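Got the viewer open? Let's take a walk through this one, one selection at a time.

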Amino acid sequence: MPIAVGGDDAQTMADATEQDNPRLRIVAAQDRDRALAPARETLQPRDVVLVKGSHNVGLEHTAERLAEPDTMDDDR
């Protein structure tokens, strides 16, 4: 499940993509920390996650948190 991060821009991107492909579900997250919960809700053990974005969004923080299974309850 794709998660778009970045406030109104993320919602605009999610809406446009879903309009183009209604079968694709995209979640919009206001910021990198709010992207954690929907990601963790769908991840299963041994899943592979691609985190991509501008450096200024700080998604490396999100990737690091997703790699720490013991902290899952800290962000919900």
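Colour by secondary structure and follow the chain from its start: the order you'll read off is β-α-β-α-α. That makes three helices and two strands. Keep in mind as you go that this is a predicted model.

**The whole chain**

Before zooming in, colour by accessibility. Of the 76 residues in the chain, 24% are buried. Now switch on contacts, leaving out those between residues fewer than 6 apart in sequence: 56% of what remains joins residues at least 24 apart.

**Stop 1: the largest pocket**

Next, show the pocket surfaces. What volume does the largest pocket have? It comes to about 540 Å³. Its lining is made up of 22 residues, and the ones closest to the centre are Met1, Pro2, Ile3, Leu50 and Val51. Select those five and centre the view on them.

Then pick out the elements around the pocket. β1 (3-5), α1 (7-20), α2 (36-42) and α3 (59-66) each give at least two residues to the lining. Which class of residue fills most of the lining: nonpolar, polar or charged? Colour by type and you'll count 17 nonpolar residues, alongside three polar and two charged ones.

**Stop 2: helix α3, end on**

Now select α3 and pick out its buried residues, Leu59, Thr62, Arg65 and Leu66. Turn the view until you are looking straight down the helix axis: these residues fall within an arc of 115°, so they line one face of α3. The repeat of the helix helps here: an α-helix has 3.6 residues a turn, so residues three or four places apart point the same way. What do the buried residues of α3 pack against? Show β1 and α2, and you have the partners.

**Stop 3: the two salt bridges**

Stay with Arg65 for a moment and add Glu68. Their side chains meet in a salt bridge, at 3.7 Å from N to O. The two ends differ in exposure: arginine 65 has 18% relative accessibility and so counts as buried, while glutamate 68, at 35%, counts as partly exposed.

How many salt bridges does a search of the whole structure find? The answer is two. For the other one, select arginine 32 and aspartate 33, whose side chains meet with an N to O distance of 4.0 Å. Here arginine 32 is partly exposed at 29% relative accessibility, and aspartate 33 is partly exposed as well, at 37%.

**Stop 4: the loop between α2 and α3**

Go to arginine 46, in the loop between α2 and α3. Check its backbone angles: phi is positive, about 75°, although the residue is not a glycine. Is arginine 46 buried or exposed? With 81% relative accessibility, it counts as exposed.

Move along to valine 57, which lies in the loop between α2 and α3 too. This residue is partly exposed, at 31% relative accessibility. Show its contacts and, setting aside residues up to four places away in sequence, you'll find Val5 and Arg32. You met Arg32 a stop ago, in the salt bridge with aspartate 33. Now draw a distance from valine 57 to glycine 6: the two are 51 residues apart along the chain, yet their C-alpha atoms are separated by 7.5 Å.

**Stop 5: two more distances to draw**

Select aspartate 31, in the loop between β2 (27-29) and α2. Its relative accessibility of 29% puts it in the partly exposed class. Draw a line from its C-alpha to that of alanine 4: they are 9.0 Å apart in space and 27 residues apart in sequence.

Last selection: aspartate 9, in helix α1. Aspartate 9 is exposed, with a relative accessible area of 62%. Where does alanine 29 sit relative to aspartate 9? Follow the chain and they are 20 residues apart; draw the line between their C-alpha atoms and the separation is 9.8 Å.

Conventions: Residues are numbered from 1 along each chain as its sequence is written. This is a predicted model: local features need pLDDT of at least 70, side-chain atom pairs count only at pLDDT 80 or more; totals for chains, interfaces and linings use all residues. Side-chain values use heavy atoms; hydrogens and water are left out. On a 1 Å grid over the protein atoms alone, a cavity is a set of points where a 1.4 Å probe fits but cannot get out, and a pocket is an open set with protein on both sides within 12 Å along at least five of seven lines; lining residues have an atom within 4 Å of a point. Grid points are joined across faces, edges and corners, and a volume is the space filled by probe spheres set on the points. Helices (H or I, at least four residues) and strands (E, at least two) are DSSP runs, numbered from the N terminus. Ala, Val, Leu, Ile, Met, Phe, Trp, Tyr, Cys and Pro count as nonpolar, Asp, Glu, Lys and Arg as charged, and the others, Gly among them, as polar. Buried means under 20% relative accessible area, exposed over 50%, partly exposed in between (1.4 Å probe, protein chains only). The arc is that of the directions from the helix axis to the C-beta atoms. Contact means heavy atoms within 4.5 Å.
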